[in-house]
Amino acid sequence: MLWYAAAGLDAELAEQLYDFDAHAPNRPLYPDVLDVLRRLRAARIRLVVLSDIHLDLRPLLAYHGAADLLDGYVLSCEHGLQKPDPRLFLIGLRTLGTTPQRTLMVGDLATNDGGATEVGITTLILPRVLARPDRPRLDHLVRLVVPQEAATG
């Protein structure tokens with residue numbers, strides 16, 4: 001809401017934009033997300049959403065059918081921290097119950113997601129596909145973490 005105020009929007013319009021942003025149908029997932037999450041889940045890979053978003057992603061991901069494919073959430077709005085703060089990534093590790101050496105952070109913004117490297121987590125930065133959101137972009141991830149997929153997928 002502070003960003004809206006700083007941009008000079010009146011409170012009523014700011015509230016409407018915030019509500020629009022929080023409404024799940026207005027925030028579609030990339031088309032390959034569910035397939036990739038299912039494939040990773042089938043490979044018994046634990047998955048946590050670690051986000052510096054301003055709202056609770058659980059309803060959004062439940063709406064899109066992804067909630068049951070995840071093992072947990074680390075949301076900055078619940079911890080009072082924002083990426084690239086290393087403490088947020090340490091919370092992610094505790095949530096997964098793992099170590100940095102056994103973890104891969106996948107993000108799309110090096111300045112924020114690269115903070116995982118500060119605690120020793122290997123980090124993969126994928127390009128944002130804003131101009132073509134219909135293009136698959138996560139299939140590389142499955143090949144990286146599930147080697148047999150490279151031969152059969």
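This is a short walk through one protein, from its overall fold to its cores. Keep in mind that the model is predicted.

Let's start with the fold. The protein has 9 helices and 4 strands. Along the sequence, the order runs α-α-α-β-α-β-α-α-β-α-β-α-α. How does its radius of gyration sit against the globule rule? The radius of gyration is 17 Å, and the rule gives 15 Å for 153 residues. Those values are close, so the protein is as compact as a globular protein of that length. Along the principal axes, the C-alpha atoms fill a box of roughly 55 × 30 × 25 Å.

Next, contacts and burial. Take the contacts with a separation of 6 or more: 50% of them join residues 24 or more positions apart. Of the 153 residues, 34% are buried.

Now the surface. The protein exposes about 9400 Å². Carbon and sulfur atoms supply 56% of that area. As for charge, there are 16 positive and 19 negative side chains. The centres of the two sets lie 9 Å apart.

On to the inside. Which residues have the most contacts within the largest nonpolar core? They are Leu37, Leu40, Val49, Leu57, Leu61 and Leu70, in a core of 22 residues. Four elements give two or more residues to this core: helix 3 (33-42), helix 4 (58-63), strand 2 and helix 8 (139-145). Helix 3 brings the largest share, with 4 residues.

Stay with Leu37 for a moment. Leaving aside residues up to four places away in sequence, Leu37 touches Leu47, Ala66, Leu69 and Leu70. Apart from this core lies another one, of 11 residues. Val74, Ala116, Val119 and Ile121 are among them.

Last stop, helix 6. This helix covers residues 86-96. Which of its residues are buried? Here is the list: Leu88, Phe89, Ile91, Gly92, Leu93 and Leu96. A word on helices in general. An α-helix has 3.6 residues a turn, so residues three or four places apart point the same way.

What do the buried residues of helix 6 pack against? Their partners include three strands' worth of segments to find on screen: strand 1 (48-51), strand 2 (72-75) and strand 3 (104-107). Helix 5 (76-79) and helix 7 (110-113) are partners too. Just after helix 6 comes Gly97, with a positive phi of about 70°.

That is the tour.

Notes: Residues are numbered from 1 along each chain as its sequence is written. This is a predicted model: local features need pLDDT of at least 70, side-chain atom pairs count only at pLDDT 80 or more; totals for chains, interfaces and linings use all residues. Side-chain values use heavy atoms; hydrogens and water are left out. The radius of gyration is taken over C-alpha atoms; the globule rule is 2.2 Å times the number of residues to the power 0.38. Buried means under 20% relative accessible area, exposed over 50%, partly exposed in between (1.4 Å probe, protein chains only). Contact means heavy atoms within 4.5 Å. Accessible areas come from the Shrake-Rupley method with a 1.4 Å probe; for residues, only the protein chains shown count as cover. Lys and Arg count as positive and Asp and Glu as negative; His and the chain ends are not counted. The place of a charge is taken as NZ of Lys, CZ of Arg, CG of Asp or CD of Glu. A nonpolar core is a set of buried Ala, Val, Leu, Ile, Met, Phe, Trp, Tyr and Cys residues joined through side-chain atoms within 4.5 Å.
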